[in-house]
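Hello,

Here is the structure I promised to pass on to you. Have a look at it first, and then read on for what I found.

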Amino acid sequence: MISTLSLKQYVPECLCLNETKKIILVSIICFVIYFTTPLVHTMRWGHFIYFLIFMFIVPLNNLIIFKGYTYLRKLFIFLSIVALLYWILNYFKIPLLYYTYILEDRGLNSGDNYRIYGLALSLYRGSAPIGGGLERICSVFGEPGHYAIYISFILAIDKFRFNRVGNLILFTIGCLTFSTAYYGLMTMGIMYRIVLEKGVGKGVKNVLLIIIGLLFLVIIFGGNNFFYTASNRIFEDREVDNIVDLVENRASNETKEIYSDFLNSGKLLIGNGYDERPLQITNWRGFIYQFGVIGVLITLFLILSIIKKS
């Protein structure tokens, strides 16, 4: 927000509130009221503050928003380079100073802990990296999957132009998150560039060279670890017939029983809120269990208001 505000002085007409932005603002207000205030559930100060920041930025001139975004992109590239440096040092088992931190919401008995190396962190179970033989890069974020999706969004905003050095850095880091979502999004991104350029252009060739280079390095220096991590974290070695089965495998029998009871509890419209024990949130039931049908509709309204002209 500070970066964006600093740009206002360079743009004479700093406000640009068109019809699309008005709809976005209405959707954000509905979202803020429902998800972050005590009117429905409980007060969530962190969510409340950053959605207020978002509401403040939306009405600004598109040039200001885009320039502000370029600052964010540069910050991501810087953090990614730092994270890659620590990943390489860890990979070759070079001793590093770190601070151990255990998150309560991951469960104190799970054995999961973070090692914080300053501007980068890693997630471990006991003394072994989460995900198998190789660390999954987190950068400064709570999980590698979250980091991977943020990278994917940045690359998508830039239309997957892989002929830019910064984008190639982000692409490489994304590969080392071993995120299923990232690999799926990048496959679509590469296909998009091939269709757009009517062939395999220089950018896609750069990506293919990086993939070949990474495969060569991990096979030479630790092939078993790489394939163990990939098979367990990307492909998940499950026999499924279709996408529905794949999603259903994300929910335990206990989850399905709790959700079945919830459907008859009279709380289907607004859900149980933040304080109740959430179900496995990697399955769609978890979101409805916490926020109900109204929460789903408000979230869809927010998403559609943002992408309706895209």
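A residue counts as buried here when its relative accessible area is under 20%. Please keep in mind as you read that this is a predicted model.

With that cut-off, strand β2, which spans residues 112-116, is mostly covered, as four of its five residues are buried. For the wider picture, the protein chain has 310 residues, and 39% of them are buried. The chain holds eleven helices and four strands. Among its contacts with a separation of 6 or more, 60% are between residues 24 or more positions apart.

Let me begin with the strands around β2. On one side of the pairing list is β1 (residues 99-101), which pairs with β2 in the antiparallel sense over three bridges. If you want a place to start looking, find Tyr99, which stands opposite Ile116 in β2. Strand β3 (residues 121-125) also pairs with β2 in the antiparallel sense, over five bridges. There, Arg115 has Ser122 in β3 as its bridge partner. The hairpin formed by β2 and β3 has four residues between the strands, and Gly118 in this hairpin takes a positive phi near 85°.

One residue of β2 that I looked at more carefully is Asn113. Is Asn113 buried or exposed? Its relative accessible area is 10%, which is under the 20% cut-off, so Asn113 counts as buried. Leaving aside neighbours within four places in sequence, Asn113 is in contact with Thr100, Tyr101, Ile102, Ser122, Leu123, Tyr124 and Gly126. Of these, Thr100 and Tyr101 fall within the residue range of β1, while Ser122, Leu123 and Tyr124 fall within that of β3.

Next comes Ser139, which sits in the loop between β4 (128-129) and α5. Ser139 has a relative accessibility of 1%, so it is buried as well. Not counting residues up to four places away in sequence, Ser139 touches Leu79, Ala83, Ala120, Leu121 and Tyr147.

That brings me to the helices. Helix α5 (residues 144-157) and helix α7 (residues 180-197) have axes that come within 8 Å and cross at roughly 15°. Angles under 35 degrees count as roughly parallel, so α5 is roughly parallel to α7. The crossing in which α5 passes α7 is left-handed. On the α5 side, the residues that meet α7 are Ala148, Ile149, Ile151, Ser152 and Leu155, and their counterparts in α7 are Ala181, Tyr182, Leu185 and Met186. What kinds of residues make up this contact of α5 with α7? Eight are nonpolar, one is polar and none is charged.

Helix α5 also packs with α4 (residues 62-91), at an angle of about 135° and with the axes 11 Å apart. That angle makes α4 oblique to α5. The crossing of these two helices is left-handed. From α4, Tyr69, Arg73, Phe76 and Ser80 meet Tyr147, Tyr150, Ile154 and Ile157 in α5. The residues in this contact of α4 with α5 divide into six nonpolar, one polar and one charged. Tyr147 in α5 takes part in this contact, and Tyr147 is also one of the residues touched by Ser139.

I hope this helps you find your way around.

Best wishes

Key
Residues are numbered from 1 along each chain as its sequence is written. This is a predicted model: local features need pLDDT of at least 70, side-chain atom pairs count only at pLDDT 80 or more; totals for chains, interfaces and linings use all residues. Side-chain values use heavy atoms; hydrogens and water are left out. Buried means under 20% relative accessible area, exposed over 50%, partly exposed in between (1.4 Å probe, protein chains only). Two strands pair if DSSP finds at least two bridges between them. Axes are lines fitted to C-alpha atoms, for helices over the stretch in contact, and angles run from 0 to 180 degrees between N-to-C directions. Angles under 35 degrees count as roughly parallel, over 145 as roughly antiparallel, 65 to 115 as roughly perpendicular and the rest as oblique. A crossing is left-handed if the near helix is turned anticlockwise from the far one by less than a right angle, and right-handed if clockwise. Contact means heavy atoms within 4.5 Å. Ala, Val, Leu, Ile, Met, Phe, Trp, Tyr, Cys and Pro count as nonpolar, Asp, Glu, Lys and Arg as charged, and the others, Gly among them, as polar.
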